[in-house]
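User: Could you take a close look at how the two domains of this chain sit against each other? I am in my first year, so please walk me through it step by step.

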Amino acid sequence: MAFIEIEHLEKTYTSKSGDTEALKDVNFTIEKGEIFGVIGLSGAGKSTLVRCVNLLEKPSAGRVVIDGEDMLSLSERELRLKRRDIGMIFQHFNLLMQRTVLDNVCFPMEIAGMKKKEARVKALEYLEQVELADKAKAYPAQLSGGQKQRVAIARVLASRPRVLLCDEATSALDPQTTQSILQLLKHINEKYQITMIVITHEMRVVQQICDHVAVLEYGRIVESGRTKEVFDDPKTEAAKRLIYTHEYTELESEGSGI
Amino acid sequence: MTWDPEMTKMLVQGLWDTLYMVGFSTLFGYMLGLPLGVLLAVSDKDGIRPRRVLYRLLDFLVNILRSVPFLILLILVIPLTKLLVGKSYGSTATIVPLTIAAAPFIARMVESSLKEVDHGVIEAAQSMGAGTWTMIGKVLIGEARTSLLVGVTIALGTILGYSAMAGVVGGGGLGDIAIRYGYYRYETGVMIVTVVILVALVQILQALGMMLARLLDRRKA
């Protein structure tokens with residue numbers, strides 16, 4: 001049995017102006033320790049999809065099973081405990097702006113009821129892993145985007161998750177910083193065997209770290225498979241569009257260097 | 001008008017009465033208004049625990065209380081004041097209507113401060129499995145602390161303004177002196193001195209509040 005199973009997932013937003021189907025019959029499975037990419041243009045439903053995994057959004061129908069446990073069957077309390085197992089990082093980092101870097105990393109451990117002193121020692125270790133121990137006393141506002149995302153990664157590691165959800169984690173960063181964050185993610189994936197779902201609109205992110213990829217268009221998965229296979233031989237229009245646009249811009253930027 | 005030690009004594013007493021009334025009314029106002037404001041922010045449709053009926057009810061209650069003019073409230077709550085303080089006149093008695101006037105106003109300011117907290121940060125805390133109390137204490141109040149402190153400063157100033165009407169029930173204080181001497185007795189000198197003290201008081205409170213808020217704000221590099 002796969003580590004993460006998504007079955008017939010549907011999400012419909014109801015409003016006065018009518019229903020919007022954000023996700024339509026989404027199915028996929030992820031093996032333990034794998035990095036699974038979900039790519040699509042903005043508005044495809046990627047963010048909704050990733051939020052349905054840790055139930056920040058409640059699916060309208062379908063099943064989300066993580067390590068044999070049906071997420072939708074959990075009570076509110078059980079869900080809170082389960083969420084400590086599922087880390088999440090965001091496009092805009094979402095750090096607590098009024099707390100130091102160190103106290104940000106302490107936060108999930110505080111939630112888990114760890115003693116402050118112990119949490120601080122551990123937090124420093126996690127900051128060392130992301131090479132930011134020297135910024136422990138700084139506030140997020142004093143850091144660059146890449147550093148903020150490193151703090152967010154240290155914070156997520158502090159709850160020792162088995163799953164990590166990355167919601168456009170590199171989209172607000174420049175190409176070089178993106179590289180270093182992707183390397184860091186790959187490193188923690190290997191070191192801790194954390195299963196990852198990576199949501200992005202950037203092909204290079206998928207190309208670099210994802211084992212499998214699913215292409216999402218208008219709330220449906222139109223194509224999925226091993227990253228290399230999808231890249232070498234895209235079957236659908238949507239996949240072709242994403243890949244060729246990417247290659248085109250790559251060529252263009254190379255060309256401009258001549 | 002002659003200036004005698006009596007006058008100085010009266011003004012010092014007035015300043016003391018004002019600080020006493022404003023201080024305690026703000027304190028009690030927050031004891032009621034802070035939880036009420038938290039409840040409003042949390043139960044609204046975009047809050048962390050949406051409760052439609054509860055929000056509507058509290059929203060309505062706060063609006064009603066806020067629309068009663070203070071002078072009328074002062075008289076309306078006399079029975080309650082008697083029950084709580086034992087008498088309906090004097091500085092201590094004035095704290096009751098002042099608190100009742102301040103609480104819904106404070107609740108609204110708290111509500112709006114907490115609603116300013118970045119939704120992304122709330123989402124991040126939810127993704128970590130934070131419970132409701134952690135969310136309220138460490139995320140909402142912790143992140144909104146600067147805005148909340150600015151709110152305290154505004155509340156102090158507003159309650160100070162209300163306290164000037166305390167004279168109606170013999171509450172005393174600087175505002176009362178200004179009205180009695182300046183308005184009823186045409187003793188402009190006393191009135192000017194009291195108003196100058198009031199202005200200075202507001203300035204000091206405002207400056208201190210803003211300084212503290214700035215010191216505690218870490219959102220800027």
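Analyst: In this predicted model, the C-alpha centres of domain 1 of chain A and domain 2 of chain A lie 25 Å apart. The contact between them takes 15 residues from domain 1 and 13 residues from domain 2. To find the two parts in your viewer, colour residues 4-85 + 162-255 of chain A as domain 1 and residues 98-160 as domain 2.

Now look at the surface where they meet. Together, domain 1 and domain 2 of chain A bury about 1,200 Å² between them, and 63% of that area is on carbon and sulfur atoms. On the domain 1 side, A:Arg84, A:Leu184 and A:Tyr192 lose the most area to domain 2, together 44% of what that side buries. Helix H6 (residues 175-192) of chain A supplies the largest share of the domain 1 side that touches domain 2, namely eight residues.

What about polar links? Between domain 1 and domain 2 of chain A there are four residue pairs in polar contact, counting pairs with both residues at pLDDT 80 or more. The count of salt bridges between the two domains is zero.

Next, pick out one residue, A:Val156, which has its place in helix H5 (residues 145-157) of chain A. A:Val156 counts as buried because its relative accessibility is 7%, and the cut-off for buried is under 20%. Leaving aside residues up to four places away in sequence, A:Val156 touches A:Gly87, A:Met88, A:Ile89, A:Pro161 and A:Leu164. A:Pro108 is 48 residues from A:Val156 along the chain, yet their C-alpha atoms are separated by 7.7 Å.

Finally, let's visit a strand, E9 (residues 212-217) of chain A. Strand E9 is mostly covered, with five of its six residues buried. On one side, strand E3 (residues 35-39) of chain A runs parallel to E9 and is joined to E9 by four bridges. E9 also pairs with strand E10 (residues 220-226) of chain A, this time in the antiparallel sense and over six bridges. A handy residue to click on is A:Val215 in E9: A:Ile39 stands opposite A:Val215, and A:Val215 in turn stands opposite A:Glu223 in E10. The hairpin of E9 and E10 has two residues between the strands, and there A:Tyr218 takes a positive phi near 45°. As you follow a strand with your eye, remember that in a regular strand the side chains alternate between the two faces of the sheet.

How values were computed. Residues are numbered from 1 along each chain as its sequence is written. Chains are lettered from A and ligands numbered from 1 in the order in which they are written. This is a predicted model: local features need pLDDT of at least 70, side-chain atom pairs count only at pLDDT 80 or more; totals for chains, interfaces and linings use all residues. Side-chain values use heavy atoms; hydrogens and water are left out. Buried means under 20% relative accessible area, exposed over 50%, partly exposed in between (1.4 Å probe, protein chains only). Contact means heavy atoms within 4.5 Å. Two strands pair if DSSP finds at least two bridges between them. Domain bounds come from an automatic or database domain assignment. Buried area is the accessible area (1.4 Å probe) that two parts lose on being put together, summed over both. A salt bridge is a side-chain nitrogen of Lys or Arg within 4 Å of a carboxyl oxygen of Asp or Glu. A polar contact is a pair of N or O atoms within 3.5 Å; within protein, one must be able to donate a hydrogen and the other to accept it, and residues adjacent in sequence count only if both atoms are side-chain atoms.
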